[in-house]
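The following questions and answers introduce a structure to a reader who has not met it before. Please look at the sequence and the model first.

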Amino acid sequence: MEEKRLRIAIQKSGRLSEKSLEIIRNCGIDFNTDSRVLKEKASNFPLEFLFVRDDDIPTYVYDDVADIGIVGRNELDESGCELDVVRDLGFASCRLSIAVPADFSYEGLKSLEGKRIATSYPRILSGILDRNGVKADLVVVSGSVEITPAVGIADCICDLVSTGTTLKMNGLKEVDQIYFTSAVMICRRDFAEDAEKKALLDRLLLRMDTVSNAKKKKYVLFNLPSDRIEQAARIVGGMKSPTVTPLLDRDWVSVQSVVSEDRFWSVFEDLKALGAEGILVMPIEKMSE
Ligand code: ATP
Ligand code: ZN
C-alpha cells in the first residue's frame with residue numbers, strides 16, 4: 001500500500017507563493033520548485049503540493065482535494081467555507097478598506113447608503129454593511145477594482161490595501177479600514193478523523209512552531225564579573241537558568257542565555273549597566289521549548 005501523504009494547496013504564483021514555500025522549506029522539507037507543475041511531491045517528507053489559484057484553495061480543502069492550504073483569511077471568509085484555521089502565519093497582512101474619489105464626502109459607513117461600491121469581496125463587505133444597517137449596491141469585479149470610479153461604474157470601492165500606493169495612483173483616498181487579514185493555514189473541520197493524516201499535520205506543525213519560536217528569540221552571550229551572576233540571572237530570565245562558564249581570569253565568568261526579541265533591548269541595557277562586557281547576540285535557527 002502506498003504511504004499516505006499530506007496534500008497541501010499553495011498559491012501557484014502571487015503574493016503568497018514564495019512565503020508559503022519558504023515556511024515549508026524552513027521545516028527541512030525538500031522539493032523541486034523549478035517546474036511548479038500542478039502537483040509536486042516532497043522528497044523527504046510525506047507531503048504533496050497542489051499549486052492553484054488562491055481563490056480556489058478554501059474550496060479544494062473543503063472538497064477534500066487537499067488536506068490543508070495556505071491562503072489569505074480574506075479568501076477563506078469570502079469563500080464561505082466552514083474550515084478550521086490551524087495557524088495564523090502572520091505574513092501577507094493587509095486590510096480591506098473603503099476608498100473614495102476626492103469629491104466624495106465620507107463620514108463613516110452610513111455615507112455608503114445607496115451608493116455603488118465596487119469590490120472583489122461581496123460576502124465580507126455585505127456582512128459588514130448588514131451589521132451596520134447600511135444598504136448599498138455592490139458591483140462585483142474580480143480585478144482592477146481601483147479603476148471603477150474613474151470609468152463610472154462605481155461611486156467608491158472596497159479593496160485590499162497594504163501601502164495605499166495603488167489607491168493614490170488612481171486618485172482614491174482610503175477613508176475606512178474595515179477588515180484585517182493575513183495568511184493562515186487551514187484544514188477541514190473533520191480532518192482529525194483521519195488519524196494518520198492528523199499525525200502528519202502534527203509533525204509539520206511541530207516543525208513550523210520550532211522555527212517560529214526560534215525567530216522570536218536571540219541567543220545572548222556576555223562576560224560578567226563573577227560576583228554579579230545572580231543579578232544577571234534575574235535580568236535575563238531565560239528558559240531555565242543561564243549557563244555560566246568560568247574564565248581563566250577567576251574574577252570573570254561567561255554567561256549564555258536565550259532572550260525574547262521583544263525584551264532584548266531592555267535586557268541589553270540592564271546588562272550593560274550591571275557591567276557586562278563583550279555582549280554577543282546571535283540568531284537561533286530552531287528551538288524547542
Ligand atoms: P491568483 O492568481 O492566485 O488568484 P490573486 O491576484 O488573486 O492571485 P494576489 O494578488 O497574489 O492574488 O494576493 C493574494 C493574497 O495576498 C490576497 O488575497 C491577500 O490575502 C494578500 N495581500 C497582501 N497584500 C495585498 C495587497 N496589497 N493587495 C492584494 N492582496 C494582498
Ligand atoms: Zn486570487
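Lys and Arg count as positive and Asp and Glu as negative, while His and the chain ends are not counted; the place of a charge is NZ of Lys, CZ of Arg, CG of Asp or CD of Glu. The model is predicted: local features need pLDDT of at least 70, side-chain atom pairs count only at pLDDT 80 or more, and totals for chains, interfaces and linings use all residues. Residues are numbered from 1 along each chain as its sequence is written, chains are lettered from A and ligands numbered from 1 in the order in which they are written, and side-chain values use heavy atoms, with hydrogens and water left out.

Q: How far apart do the centres of the positive and negative side chains lie?
A: The chain carries 39 positive and 47 negative side chains. The centres of these two sets are separated by 2 Å.

Q: What is the radius of gyration of the chain?
A: This radius is taken over C-alpha atoms, and the globule rule is 2.2 Å times the number of residues to the power 0.38. For a compact globule of 289 residues the value would be near 19 Å, whereas the chain has 25 Å.

Q: Which element gives the largest share of the largest nonpolar core?
A: A nonpolar core is a set of buried Ala, Val, Leu, Ile, Met, Phe, Trp, Tyr and Cys residues joined through side-chain atoms within 4.5 Å; buried means under 20% relative accessible area, exposed over 50%, and partly exposed in between (1.4 Å probe, protein chains only). Among the 28 residues of the largest core, Ile8, Ile24, Ile29, Leu47, Phe49, Met185 and Leu204 touch the most other members. Elements giving two or more residues to this core include strand 1 (6-11), helix 1 (17-25) and helix 6 (195-215), helices (H or I, at least four residues) and strands (E, at least two) being DSSP runs numbered from the N terminus. The largest share, five residues, comes from helix 6.

Q: How many residues does the other core have?
A: This core lies apart from the largest one, and its members include Ile98, Ile124, Leu125 and Tyr179. Its number of residues is 18.

Q: Where is alanine 92 found?
A: Alanine 92 is not a glycine, yet its phi is positive, near 55°. With a relative accessible area of 35%, alanine 92 is partly exposed. Its place is the loop between strand 5 (83-88) and strand 6 (94-101).

Q: What is the relative accessible area of serine 144?
A: Serine 144 is in the loop between strand 8 (137-140) and strand 9 (156-161). Its phi is positive, about 45°, although it is not a glycine. Serine 144 is partly exposed, with a relative accessible area of 45%.
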